[in-house]
Amino acid sequence: MKKPDFADDPQSKEPLIEPSLPTLPTDAIPVVAEIGRYRIEGRCSGNWHWWLCLVESSAALGLGLTVLLLFLFLRNPPVTSFDIYCHGNLLDRVQRAHLFNDSKHFVDMPSKYKPVEILSAWDRVTAGGAKDLTPAEIRAFVTAYFVEPGSEVVTSLPTDWSEHPALFDRLADPALQAFGQELNGRWKRLLRRFDLTEYPTSSAVPLRHPFVVPVASHLLSARFPAGGRFREPPLFTQIVWLYYNATGDLDLVRQALPYLDREYAWWMSKRIIPSADARFAGLNRFSSDPIDHATYGPRPESYAEDLVTAAGSAARYQHLQAGAESGWDFSSRWFVPATGTLLDIATADLVPVDLNAILYRNERTLAALHGLAGSPQATVQQYQDAAAKRAAQIKALLWHPDSGRWHDYNWAADRPMVGSLFPSSFAPLWCGLGVDQQYTRQQWDAAVPQSFRESAGGVPTSLPDVQSGQQWDWPNVWAPLQTVMLEAARSVGDDDFALTLAQRWVDTTYCGWNCTGAVFEKYSANEVGSAGRGGEYEVVRDGFGWTNGLVLRAMADYPDQKENLERRLGSDASWTTPAVNEEVLAKTVQRCRERNILLPTFAQLRDPTLIPQGVVDELRSVGLWDLNSRNLFRITWKNEPVARGGGFGEVNALEIPSAITGIKSKIFILLGKFFPTGAHKVGACFGPLVDRLTRGAYDPDKHKALWPSTGNYCRGGAFNSCLMGCKPIAVLPAGMSKERFEWLKSLGAEIHATPGCESNVKEVFDKTKELARTRPDEVVVLNQFEDFSNPLFHYSVTGPAMEEVFHKRTPAGSRLSGIFLTQGSAGTLAAGEYLKEHYPAVKVGAGEAMQCPTLFENGFGAHRIEGIGDKHVPWIHNLRNTDVVAALDDEQCMSIIRLFNTPAGHACLLSHGVSQEVIDKLALLGISGVANMLGCIKMAKLFEFNEHDVLFTVATDSMEMYQSRLQELEAEHGPYTPAQAEIDYQMYLVHINTEYTKECTHADRRRMHNLKYFTWIEQQGKTLEELNAQWYQDDYWTQRWHRAEEYDTRIRAFNARTGLDAHYPAPAKKQ
């Protein structure tokens, strides 16, 4: 591999030094053990939470040989790697340049060259560190010498994985069996191995054998960028104990014991309390080691962030590193005072309850293991004495009999940390100290707070009054802390609460998976199935070791959970929801009852004959745009086309005659004009909001619904919000038509105008993320570009409406041949999914502006076709089913709206045989509707469709929203003349060609699909695993399209709970 030119210094005489194998420092604790075909090797450190839950799952499923590998590896790279990734001028310059979204990105990048070559080149480029480089120059160097994170890791197939563990046969409910099988299948996707043939240096330990990663979209969190210093709580001894109890492998115990002893000795020498006070002698703390054994500094993987937080304070650097070592990074638990912020972190000043409880358990376990292995009795007695001493110290210093809890102790300030409460206060019970202290059930009942007992999503990490924003605080729920509380409950005989905790964990993980397909690392205590928030990285979505492990353990321990699952999924006779916050839900039900808000079902929106007659009668006095909740039932293509008092009838669709299109094929355009707000986007907004309302994920007292949009979606969202008693926030580009802004203001919406025009979607996303980050307790984001509740309306309602028009308005022998829609949010393209499912030969076309040809040629730019977005590919767009892509010239669209909406244009059309009846309806097509029509014409010409072929599209809105655009065009070009009308008619209609139109190959579809990576993986926190699932998983899309009945079940149950459905009986069923 040739090095970059600027690193090729012919004057350099430095020898190329081959890097040596990693050398263990004296304080490392190596572990080596042969288990079957695997060699387990590593330092006894790492995230104890993963170890605990994963080993529990392995014991239940027989996955130990694979799963256990993750937790036994060292973080000990060569010295020269340390000089690149953990300290030094290169690391400092790169991280200060802010080249990436977070600091971890660089330290996860493998190198193309040996460390000495990289550092030598860096010295030459920077003149030994004396020369400043621009961020662009630093980026060029990084690009030349490093590759993207994960390049050195490849997938590996496990050899000991069981497709159907016996556990699943014991589960009472088929749905739980399916969920368990899904989690079990994820182990296959999580096995990795290193391939360093091309990358000589990496921040990860170059293991020779396969290992399991916690998440498929992120590399090991046990990567060396944690500095090799963050050893985290010492759970290796407990892993060996669990493994021995599962296998009876005493040989492994004998091999492991020297390393267990060294781990224990390390903690007893490196992490003791540095105080002469005898009360603290032999107790331990979390701390850190200075970089280069001299000074404390920022964590490499959080370098830029720590520079800001620590502000040069060596003590604060130490406390930040200690917080990371604890595994609770970060929490108000480490703040002094607890009401402070991250600037008040003081981790190393505290005596942690859980760490010392774990070491007590280790001391007892080591005594037992040495006894089993036949070690000298003196060794056994040494550990027994240490355990007894520690138990006495914990009772004397950390135990508070009045509260029945254990609390951390601030040894530096000599006072207990009793002002806050965390699940760690019950860790001594999990570790067996309750027996020693004769802990009673009465003490337990009084000690466990109500919020721990009642939070539907599981035991939260702190009490609800803690609003720190840190990920190890309220409202987040973590698997390891559920394990601690579950075992604590069992230890005092509270089996009911233990069962409840197990069921809640299965509930929340199942519901999250059922709704999103995701399995999160952390969950929300008050929103069952929802991901937790906060932290130094995006929420992990694709399966986490401790999440999977605790679910499988709960299934193994409590296999008969059918009754509970039925309550979750429900039936028409019970409240049903896949994810519910009961407290908020009750509040929402009460709000809707008070405001007489009855929710329609998707079935009723598809077929209004199912709407109760009482609702139909009330609508006779309601205008189409009135802020009346009964207008929710008008979110349908079948409204009577009148401004007030209309009922329901046939699908509102306009057939565009050949005199306009110049082709023989029929084109039908469904008309959004006759929806409330004059645009069909109220349909796209219905699903996301009703989903949150019916599962208690939207609190009407405090939440505001944020609608990111390039126009009509935020209009529809604001309208629906008002109908459902919710407060709207609209985020849209400042360059959109003034009619949109004026209408939003009239509704009292909070408006944020972002820089740019229609194609500046990223700016909309940026503002959305900012609002969600700065107002997390107020803002609920309903992002049309990623929320599958958006296309649900079009799959369930729009597609069937097109099918109905095809059957009722076309002659015998016709073919439903095509559907063309500009991409926009890709929600409407779900109608194409419906048609393709029912008419496999149908062609699905996606359009965009020629001035911003993202799909067509990875391009970018600004355009004037309002409502179709661009510059990215929406997450909800199924590119596998996209047959045609067309780039439409916005100049053509602007010319046609003048042709369709001016006297000169009308006269021109009349002269070419277009009827006055059709001309009078052309104003029903807004700018994007015209673009859709042009796309249909191009598609028909591309495939040489004839008079038997029928194409469909939609007019999202009408010219009612664009009168100002017509005025602007006249101001810019002058009055629209008959001559110009004739030119536009001939050029842009009759003789429009198939330029910038192409039928997609497999490679085209794959290329367009891959464009999602840059928006959704890099910027919006989606996972690579799900991106690949969209492409490779056969049922990924169908699972998401076929959910209308699930929503309808929830909606019917919600209406029953408000009591309003009793006043509006459903019409008699059709015969």
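Which residue has its charged end over the ring of Phe 856?

**Figure 1. Charged groups over aromatic rings in the predicted model.** The residue is Lys 998, whose charged end sits 4.9 Å from the centre of the Phe 856 ring. A second view shows Arg 1050 over the face of Tyr 1047, with 4.7 Å to the ring centre.

**Figure 2. A ring pair within helix α9 (residues 236–247).** Trp 241 and Tyr 244 are three residues apart in this helix, about one turn. Their ring centres are separated by 6.3 Å and the planes meet at 35 degrees, so the pair counts as tilted. Trp 241 is partly exposed, at 25% relative accessible area, whereas Tyr 244 is buried, at 18%. The whole structure contains 46 aromatic pairs.

**Figure 3. A cluster of aromatic rings linked by ring pairs.** Its members are Phe 788, Tyr 795, Tyr 834, Tyr 1036, Trp 1037 and Trp 1041.

**Figure 4. The largest nonpolar core, of 112 residues.** Phe 426, Tyr 439 and Trp 444 touch the most other members. Helix α13 (residues 353–373) contributes the largest share, 10 residues. Another core, of 92 residues, lies apart from this one and includes Ile 597, Trp 743, Trp 1016 and Ile 1017.

**Figure 5. Surroundings of Trp 444.** Beyond its neighbours within four places in sequence, Trp 444 contacts Phe 426, Leu 429, Tyr 439, Arg 453, Met 485, Ala 488, Ala 489, Val 492, Asp 494 and Phe 497. Across the protein chain, 74% of contacts between residues at least 6 apart in sequence join residues at least 24 apart. Of the 1071 residues in the chain, 62% are buried.

Conventions. Residues numbered from 1 in each chain as written. Predicted model: local features only at pLDDT ≥ 70, side-chain atom pairs only at ≥ 80, totals over all residues. Heavy atoms only, no water. Core = buried A, V, L, I, M, F, W, Y, C linked by side-chain atoms within 4.5 Å. Buried < 20%, exposed > 50% of the residue type's maximum accessible area, 1.4 Å probe, protein only. Helix = DSSP H or I, 4+ residues; strand = E, 2+ residues; numbered from the N terminus. Contact = heavy atoms within 4.5 Å. Phe/Tyr/Trp six-rings, centres within 6.5 Å; stacked < 30°, edge-to-face > 60°. Lys NZ or Arg CZ within 6 Å of the ring centre and 35° of its normal.
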